[in-house]
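Hello,

Here is the structure I promised to pass on to you. My notes follow it, so have a look at the model and then read on.

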Amino acid sequence: MAVYNLTINGKKHQVDVDPDTPILWVLRDNINLVGTKYGCGIGQCGACTVHLDGNAVRSCSLPVSKVAEQKITTIEGLSESGTHPLQEAWLAHDVPQCGYCQAGQIMNAASLLTNNPNPSDEDIAAGMNGNICRCGTYTRIKAAIKTAASKMG
Ligand code: FES
Ligand code: FES
């Protein structure tokens, strides 16, 4: 076990965990931030996507010992009031079906728009490629990202 001081959604948290513990489980089990979901556990589905200094990462494959000073943002911290343009576009397009993958989809999309504020269809397809939705909401996800991009732009 080791003590880590983490900055999560702008707040400091101290946790005492095994250095190999994936950040996903620190978030869910130690901090009680359960919006970030467990899907595959091997970096292949995107359900666990969070931001590390603004960039999308798979939290299931990121040991707590590798985070250091980098700031973690989860779906709970993307916008305090839940009114990030992507969240509003998700509602407007009625994107989720079962909802399980959607926090990861939104976090990945937020990172995509930070790096490319005006993505083409191809950019969206490439940027969202690693986020799996078993319910097949891909068409609505793409439409919502385009709506959010135009609002943010
Ligand atoms: S649970 Fe992390 S990528 Fe699938
Ligand atoms: S909405 Fe069900 S897995 Fe994506």
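Below is what was found in it, beginning with how to read the numbering.

Residues are numbered from 1 along each chain as its sequence is written, while chains are lettered from A and ligands numbered from 1 in the order in which they are written. This is a predicted model, where local features need pLDDT of at least 70, side-chain atom pairs count only at pLDDT 80 or more, and totals for chains, interfaces and linings use all residues.

Let's start with the sheet. Five strands (DSSP runs of E, at least two residues, numbered from the N terminus) form an open sheet in the order S2-S1-S5-S3-S4, with mixed pairing; strands pair if DSSP finds at least two bridges between them. S2 (11–17) and S4 are the edge strands, each pairing on one side only. S1 and S2 run antiparallel and are joined by seven bridges, and threonine 7 stands opposite lysine 12 in S2.

Now the core. The largest nonpolar core (buried Ala, Val, Leu, Ile, Met, Phe, Trp, Tyr and Cys residues joined through C-beta atoms within 7 Å) has 41 residues, and among those touching the most other members are Ile23 and Leu86. Buried means that 20 or more other C-beta atoms lie within 10 Å of a residue's own, with C-beta atoms placed from the backbone. Helix H3 (102–115) is one of the contributing elements and gives the most, with seven residues; helices are DSSP runs of H or I, at least four residues.

Enjoy exploring!

Key:
Buried ≥ 20, exposed ≤ 12 C-beta atoms within 10 Å, placed from the backbone.
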